[in-house]
Amino acid sequence: MRFLIITHVLHKSQNQQWFAYAPYVREMNLWLKYVNDVEIVAPKTNQPITDIDIAYQHKNITLTEIPSIAFVTFGRSLLSLLSLPFILYKLYQACRRADHIHLRCPSNIGLLGCVVQMLFPKKIKTAKYAGNWDPHAVQPLSYRIQKKILSSTRWTKNMTAIVYGHWYNQTKNIKPFFTATFKNEDRLIALQRDYSAQLHFVFVGSLVSGKRPLLAIQIVEALKQKGYAITLDLYGDGILKEELQQYISDNNLSEYIRLHGNQTSETVKTALQSAHFTILASQSEGWPKALAEAMFFGVIPIATPISCVPNMLDYGKRGILIEPSITDAISKIETHLQSKEQLQQMSKLASNWSQDYTLDAFEAEIKKLIVA
């Protein structure tokens, strides 16, 4: 089988191997176990390989390079528009060669892939929609178009689009799905935390405005001012790093709030095994792996009710749902801190739920999509 991946993810080459963003590649390596030849249509970069890049595990990979496109400035928009005919041609040729077409959405490249795949109604297709599938979510036009095309059984044939969460009135193209990080063998009885002693909070994610890392810092700062013994460790990098570090310095928070940057999965895993709470007050999410991974070890999530997060947290039984404000967050956290027994139960429920979604279960579901 010749398996085609259409993605916006930047790829890097080293020692005749292709590298890309680790969480994405780890997932794709599971798909690639069941195919003979792989073609990837994606942008390439000459930037150095970092700790968050890993290599594909497959011997027969061909990368068809296309330009990266974006419509953020007039200059970039003009270049992107001029690149469209070339990209569409490359996508069409790759789809002709493929036995199975796999789209990574939502993205600008994903949108073009959605359009081109309609010309191949007889070919088997899958799509991973990693964004918020909520039909009522306010989203960019390109995202809405991708959702419309993937859902349509008139325009899109032989498609299984895997999405996060269970939503009403979906077409046969749409399959609820999940993402996993840990294996069955990683399961363990979650550490029973002491919620009356020092509280350890973690933030895991990109330091960008959409993840609201400053709000996480301010929530912990406010709790500290109320007299709680508390620490916050932030794992991740992004354009807000310097701004956040400056805020921590200006407000003398460095004794209990620390920025660790990008760290290995083992380092983050070790931190999660002893943390009490994880904060992710995102503006938008698909399946927030940072929450699922923390819950795996009994860490109680504190999160905004977007996308499938309310379902993940069982509407407050497996975590604390907050609005994106310090006042609301503090009020709800303090209410829960008054019942240590409830927190112990919440931690147990979070761990039991997340440990059902292992890589072993994930791979078994992926195999069903590829091997008929």
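User: Let's start small: in β4, which residue is the bridge partner of L4?

Analyst: Keep in mind that this is a predicted model. Strand β1 covers residues 2-6 and runs parallel to β4, residues 37-42, with 5 bridges joining the two. Within that pairing, F3 has V38 as its bridge partner in β4. For L4, the partner in β4 is E39.

User: And in β6, what is the bridge partner of E39?

Analyst: β4 also pairs with β6, in the parallel sense and over 5 bridges. In β6, E39 has as its bridge partner T62.

User: Is β4 largely enclosed or left open by the rest of the structure?

Analyst: Residues count as buried when their relative accessible area is under 20%. In β4, 5 of the 6 residues are buried, so the rest of the structure leaves this strand largely enclosed.

User: Zooming out, which strands stand at the edges of the sheet?

Analyst: The open sheet has 7 strands with parallel pairing, in the order β6-β4-β1-β7-β8-β9-β10. Neighbouring strands in it are turned against each other by 20 degrees on average, direction ignored. An edge strand has a single partner, so one of its sides lacks a neighbour in the sheet, and that describes β6 (61-65) and β10 (174-177).

User: Which helix lies across β7, β8, β9 and β10?

Analyst: There are helices across several strands here. Helix α2 (residues 74-97) lies across β1, β4, β6 and β7, at about 155 degrees to β1. The one across β7, β8, β9 and β10 spans residues 141-151 and runs at about 145 degrees to β8; it's α4.

User: Are α3 and α4 roughly parallel or roughly antiparallel?

Analyst: The axes of α3 (residues 108-117) and α4 come within 10 Å, crossing at roughly 30 degrees. Angles under 35 degrees count as roughly parallel, which means that α3 and α4 are roughly parallel.

User: What is the handedness of the crossing where α3 passes α4?

Analyst: On the α3 side, the contact includes L111, C114 and V115, while α4 brings in residues including I145, I149 and L150. As for how α3 passes α4, the crossing is left-handed.

User: Now the inside: which helix gives the most to the largest nonpolar core?

Analyst: That core has 90 residues, and those with the most contacts inside it are Y56, F201, I219, I257 and F277. F201, for one, touches residues including V220, L223 and F277. The helix giving the most contributes 7 residues and spans 213-225: α5.

User: How many residues are in the second, separate core?

Analyst: Among its members are I6, V41, L91 and C114. C114 also belongs to the α3 side of the contact with α4. The size of this second core is 27 residues.

Definitions and conventions
Residues are numbered from 1 along each chain as its sequence is written. This is a predicted model: local features need pLDDT of at least 70, side-chain atom pairs count only at pLDDT 80 or more; totals for chains, interfaces and linings use all residues. Side-chain values use heavy atoms; hydrogens and water are left out. A nonpolar core is a set of buried Ala, Val, Leu, Ile, Met, Phe, Trp, Tyr and Cys residues joined through side-chain atoms within 4.5 Å. Buried means under 20% relative accessible area, exposed over 50%, partly exposed in between (1.4 Å probe, protein chains only). Helices (H or I, at least four residues) and strands (E, at least two) are DSSP runs, numbered from the N terminus. Contact means heavy atoms within 4.5 Å. Two strands pair if DSSP finds at least two bridges between them. Axes are lines fitted to C-alpha atoms, for helices over the stretch in contact, and angles run from 0 to 180 degrees between N-to-C directions. Angles under 35 degrees count as roughly parallel, over 145 as roughly antiparallel, 65 to 115 as roughly perpendicular and the rest as oblique. A crossing is left-handed if the near helix is turned anticlockwise from the far one by less than a right angle, and right-handed if clockwise. Lists of a residue's contacts leave out its neighbours within four places in sequence.
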